[in-house]
Amino acid sequence: FIMEWISINKKLPDPNVTIITWNGLDMKICAYRKVFTWKGYKMKFVNIFSRGFWDDDVTHWMYFPSPPIKNE
């Protein structure tokens, strides 16, 4: 599994998957939601921590790494 930034112009993440988003200045942990909203937006990145929307300037995203597997 290689972690790399993916341009939203090339590919959008699957809905409801935890991802990291980048807007050129800041990263946020989000989940992607397809919605139709005002001003023509057809996507939303929902900030996991604040439950707020954050998609105005998102340019790239990457999959959030999986946590380590606990050995039992």
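The following exercises, each with a worked solution, concern a predicted model of a protein.

Residues are numbered from 1 along each chain as its sequence is written. In this predicted model, local features need pLDDT of at least 70 and side-chain atom pairs count only at pLDDT 80 or more, while totals for chains, interfaces and linings use all residues; side-chain values use heavy atoms, with hydrogens and water left out.

**Exercise 1. Confidence**

Task: State the average pLDDT of the protein, and the elements in which confidence is lowest and highest.

Solution. Step 1: pLDDT is the predictor's confidence in each residue, on a scale from 0 to 100. Step 2: the protein averages 78, and 72% of the residues score at least 70. Step 3: confidence is lowest in β4, with a mean of 74, and highest in β1, at 94.

**Exercise 2. Elements and sheet order**

Task: List the elements from the N terminus on and determine the order of the strands in the sheet.

Solution. Step 1: helices (H or I, at least four residues) and strands (E, at least two) are DSSP runs, numbered from the N terminus. Step 2: the protein has 0 helices and 5 strands, which gives the succession β-β-β-β-β. Step 3: two strands pair if DSSP finds at least two bridges between them. Step 4: the 5 strands form an open sheet in the order β1-β5-β2-β3-β4, with antiparallel pairing. Step 5: β1 (6–7) and β4 (44–47) are the edge strands, each pairing on one side only.

**Exercise 3. Two strand pairings**

Task: Give the number of bridges between β2 and β5 and between β3 and β4, with one pair of opposite residues for each.

Solution. Step 1: strands of a sheet pair through backbone hydrogen bonds, either parallel or antiparallel. Step 2: β2 (residues 18–22) and β5 (residues 60–63) run antiparallel and are joined by 4 bridges. Step 3: H60 in β5 stands opposite W22. Step 4: β3 (residues 27–33) pairs with β4 over 4 bridges, in the antiparallel sense. Step 5: A31 has V46 in β4 as its bridge partner.

**Exercise 4. Burial**

Task: Report the buried share of the protein, then examine β4 and S7.

Solution. Step 1: a residue is buried under 20% relative accessible area, exposed over 50% and partly exposed in between (1.4 Å probe, protein chains only). Step 2: of the 72 residues in the protein, 28% are buried. Step 3: in a regular strand the side chains alternate between the two faces of the sheet. Step 4: both faces of β4 are covered, since K44 and V46 on one side and F45 and N47 on the other are all buried. Step 5: S7, placed in strand β1, is buried at a relative accessible area of 15%. Step 6: contact means heavy atoms within 4.5 Å; leaving aside neighbours within four places in sequence, S7 is in contact with T59, H60 and W61.

**Exercise 5. Links across the sequence**

Task: Give the share of contacts with a separation of 6 or more that joins residues 24 or more positions apart, and locate L12 relative to H60.

Solution. Step 1: residues 24 or more positions apart account for 48% of the contacts with a separation of 6 or more. Step 2: L12 lies in the loop between β1 and β2 and is partly exposed, at 32% relative accessible area. Step 3: L12 and H60 are 48 residues apart in sequence and 9.1 Å apart in space, C-alpha to C-alpha.

**Exercise 6. Aromatic pairs**

Task: Classify the 2 aromatic pairs in the structure.

Solution. Step 1: rings of Phe, Tyr and Trp (its six-membered ring) pair if their centres lie within 6.5 Å; planes under 30 degrees apart count as stacked, over 60 as edge-to-face and the rest as tilted. Step 2: the W5 and W22 rings have centres 6.3 Å apart and planes at 50°, so this pair is tilted. Step 3: the pair links distant parts of the chain, with W5 in the segment before β1 and W22 in strand β2, 17 residues apart. Step 4: W5 is partly exposed, at 37%, and W22 is partly exposed, at 27%. Step 5: W61 and Y63 form an edge-to-face pair, 4.9 Å centre to centre with 80° between the planes. Step 6: W61 is buried at 0% relative accessibility, whereas Y63 is partly exposed at 25%.

**Exercise 7. Salt bridge**

Task: Identify the residues of the 1 salt bridge.

Solution. Step 1: a salt bridge is a side-chain nitrogen of Lys or Arg within 4 Å of a carboxyl oxygen of Asp or Glu. Step 2: D26 forms a salt bridge with K28, and the closest N and O atoms are 3.3 Å apart. Step 3: D26 is partly exposed, at 36%, and K28 is partly exposed, at 22%.
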